[in-house]
Amino acid sequence: MVLLNDIALFVEVVKARSFRGAAEALGMPNSTLSRRISQLEKAIGLRLMHRTTRKMELTEAGLIYYDRCRRIVDEARLAHEQLGQMLLQPGGQLRVSLSVDFASVFLAPVIADFCARYPDISFDFDYTPRHVDLVSEPFDVAIRLGEPADSGLIARKIARLHRYLFASPEYIRNRGEPAHPDELLLHECLPMSTDNTPHWALFRGQECVNVPLQGKFLMNSVGMIKRFATLNLGVGLLSAELVREEVNKGELVQILPEWQASAVSVYAITETRLLPAKTQCFIDFLKENLNQMMLSSTSKT
């Protein structure tokens, strides 16, 4: 509101004890300042000060108004300075919504490094597969896999997960190893319920094969898909980084290694583009380090 700006100008005039001194301090013409104060008096309906060529004196109404307004202006200035410090020196509590599986495998080591770099930032994590409401719920940022459903929010892509086919050695011995994606029709597949497609699209260069999903399981947890695959219950479409430990232990092996599914994008979602330093630093740190992790895991696949 223009009225609030005029209140700040009024306070500066009283502090300077003259229009000329306040105008010089504010870097604005004396005539403009005088006009703005007159507009303020007209809006209030009372004269706030007596003006002569030599001095300025507050009226009774002006004294009361200045006492109240000075506190408002000082509080506003203090709030502005504190927000500026937040931008320059990241600190405070960061409230983050995460999916459990992705957080435990991918984010935990990255967050450990982030804490070492920014010791003044603390965390409040909420692990849930649901899409939280960033408008009505007290979260600074949500980390989610897949395309955002709410176009009214701000989504920043921070990583891409490349997915490959994995199964246990015992499952392969019992069911045989497929030589082509078409042969997956004869296998137990372990799909995600959130994929929203009745098939897997697998690529080899420019070649694409759509595999109808066959199987008795449907899950919304990649952690459970990985676990079922190690228990010889089927073929999972998983990222290499997610199953690195199981592959190293010999619990899972990659099948159809020349084929992969389209990558899943990872987003940092916020309500607004105007972020405090703690949130912006966290998103930037995740993007840099997750991409390095993905490149490393892809090169080893």
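Hi everyone. One term before we start: when I say helix or strand, I mean a DSSP run, with at least four residues for a helix and at least two for a strand, numbered from the N terminus. And please keep in mind that what you see is a predicted model.

Let's begin with the layout. There are three domains: domain 1 covers 2-88, domain 2 takes 92-158 + 266-298, and domain 3 runs over 161-263. Between the C-alpha centres of domain 1 and domain 3 there are 69 Å. A pair of residues gives another view of the spread: Lys-226 and Arg-20 are 206 residues apart along the chain, and their C-alpha atoms are separated by 74 Å. We'll meet both of them again.

Arg-20 takes us to helix 2, residues 19-26, so let's go there. Just before that, in the loop between helix 1 (2-16) and helix 2, sits Arg-17. Its phi is positive, about 65 degrees, even though Arg-17 is not a glycine. For context, most residues other than glycine have a negative phi. Arg-17 is also exposed: its relative accessible area is 67%, and the cut-off for exposed is over 50%.

Next to Arg-17 comes Ser-18, which caps the N-terminal end of helix 2, with a side-chain oxygen 3.0 Å from the backbone nitrogen of Gly-21. Which residues of helix 2 are buried? They are Phe-19, Ala-22 and Ala-23. Looking down the helix axis, these buried residues stay within an arc of 100 degrees, so they line one face of helix 2. That goes well with a general point: an α-helix has 3.6 residues a turn, so residues three or four places apart point the same way. Turned away from the buried side of helix 2 are the exposed residues Arg-20, Glu-24 and Ala-25. Just after the helix, Gly-27 has a positive phi of about 70 degrees.

Now to the inside of the protein. The largest nonpolar core has 41 residues, and the ones touching the most other members are Phe-102, Leu-107, Ile-143, Ile-158, Phe-282, Leu-286 and Leu-290. Several elements give two or more residues to this core, including helix 5 (100-117), strand 5 (141-145) and helix 9 (277-300). Domain 2 and domain 3 each supply at least three residues. Take Ile-143 as an example: setting aside residues up to four places away in sequence, it touches Phe-102, Leu-107, Ile-158 and Leu-286, among others. Another core, of 20 residues, lies apart from the largest one, and its members include Ile-7, Phe-10, Val-13 and Val-73.

On to the aromatic rings. How many aromatic pairs are there? The count is eleven. In one of them, Phe-123 and Phe-125 are stacked, with 5.0 Å between ring centres and 20 degrees between planes. Phe-125 is partly exposed at 26% relative accessible area. A second pair, Phe-217 and Phe-228, has centres 4.9 Å apart and planes at 75 degrees; because that angle is over 60, the pair is edge-to-face. Phe-217 sits in the loop between strand 9 (207-212) and helix 7, while Phe-228 is in helix 7, eleven residues apart. Phe-217 is partly exposed at 23%, and Phe-228 is buried at 18%; the line between those two classes is 20%. Ring pairs also link a cluster made of Phe-114, Tyr-118, Phe-123, Phe-125, Tyr-127, Phe-282 and Phe-285.

Helix 7 is also home to Lys-226, as promised. Is Lys-226 buried or exposed? Its relative accessible area is 15%, so Lys-226 counts as buried. Beyond its neighbours within four places, Lys-226 is in contact with Leu-238, Leu-242, Val-243, Glu-246 and Leu-252. Two of these partners involve polar atoms: the backbone oxygen of Leu-242 is 3.4 Å from a polar side-chain atom of Lys-226, and the side chains of Lys-226 and Glu-246 share a polar contact of 3.4 Å.

Finally, two loop residues. Leu-256, in the loop between strand 11 and strand 12, has a positive phi near 45 degrees; at 5% relative accessibility, Leu-256 is buried. Gly-250, in the loop between helix 8 (244-249) and strand 11 (253-255), is partly exposed at 38%. Gly-250 and Pro-169 are 81 residues apart in sequence, with C-alpha atoms 7.7 Å apart in space.

Thanks for listening!

Technical notes:
Residues numbered from 1 in each chain as written. Predicted model: local features only at pLDDT ≥ 70, side-chain atom pairs only at ≥ 80, totals over all residues. Heavy atoms only, no water. Domains from an automatic or database assignment. Core = buried A, V, L, I, M, F, W, Y, C linked by side-chain atoms within 4.5 Å. Buried < 20%, exposed > 50% of the residue type's maximum accessible area, 1.4 Å probe, protein only. Contact = heavy atoms within 4.5 Å. Phe/Tyr/Trp six-rings, centres within 6.5 Å; stacked < 30°, edge-to-face > 60°. Arc of directions from axis to C-beta. Polar contact = N/O pair within 3.5 Å; in protein donor to acceptor, adjacent residues only side chain to side chain.
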